[in-house]
Amino acid sequence: MKKLATVLAVIALASVAFAQEAATNSDVLVAGLKAIGAGLALGLGAIGTGIAQGRIGAAAAGVTAESPEKFGQMLIWFVIPETLVIFGFVGLFLLK
């Protein structure tokens with residue numbers, strides 16, 4: 001978890017640095033901030049989905065091993081976090 005926080009901090013600082021270099025014109029600044037927002041919408045949604053599916057997948061594997069008839073129910077629970085990435089894609093396209 002500490003490594004993930006470090007990576008996110010480095011990415012956030014790097015994106016701010018690139019945004020400041022491009023801040024010569026207000027249109028360029030707005031375009032840069034939109035790109036950062038789009039990247040954060042998709043990237044953070046994907047990270048959240050990965051964390052959630054890792055935990056849900058482990059639990060679903062255990063439940064399915066004990067009672068195989070619950071595979072369909074566990075599959076639905078496993079797929080639900082994918083909506084975070086879909087919302088990130090929608091946010092990405094709305095900001096473009």
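# Questions on a predicted model

UniProt, in an unreviewed entry, places the annotation "domain: V-ATPase proteolipid subunit C-like" on residues 36-95. UniProt positions follow the numbering used here, feature names are shortened, and annotations may be inferred rather than shown by experiment. The model is predicted: local features need pLDDT of at least 70, side-chain atom pairs count only at pLDDT 80 or more, and totals for chains, interfaces and linings use all residues. Residues are numbered from 1 along each chain as its sequence is written, and side-chain values use heavy atoms, leaving out hydrogens and water.

Q: How far apart are the end C-alpha atoms of residues 36-95?
A: This span is 90% helix and 0% strand. Helices (H or I, at least four residues) and strands (E, at least two) are DSSP runs, numbered from the N terminus. The end C-alpha atoms lie apart by 10 Å.

Q: Which residues does UniProt list for "transmembrane region"?
A: The listing comes from an unreviewed entry. One span is 100% helix, with its end C-alpha atoms 28 Å apart. The other is 90% helix, with its ends 32 Å apart. In order, they are residues 35-54 and 75-95.

Q: Is T49 buried or exposed?
A: T49 sits in helix α2. Its relative accessible area is 4%. Buried means under 20%, exposed over 50%, partly exposed in between (1.4 Å probe, protein chains only). Therefore T49 is buried.

Q: What is the C-alpha to C-alpha distance between T49 and P81?
A: In sequence, T49 and P81 are 32 residues apart. In space, C-alpha to C-alpha, they are apart by 5.3 Å.
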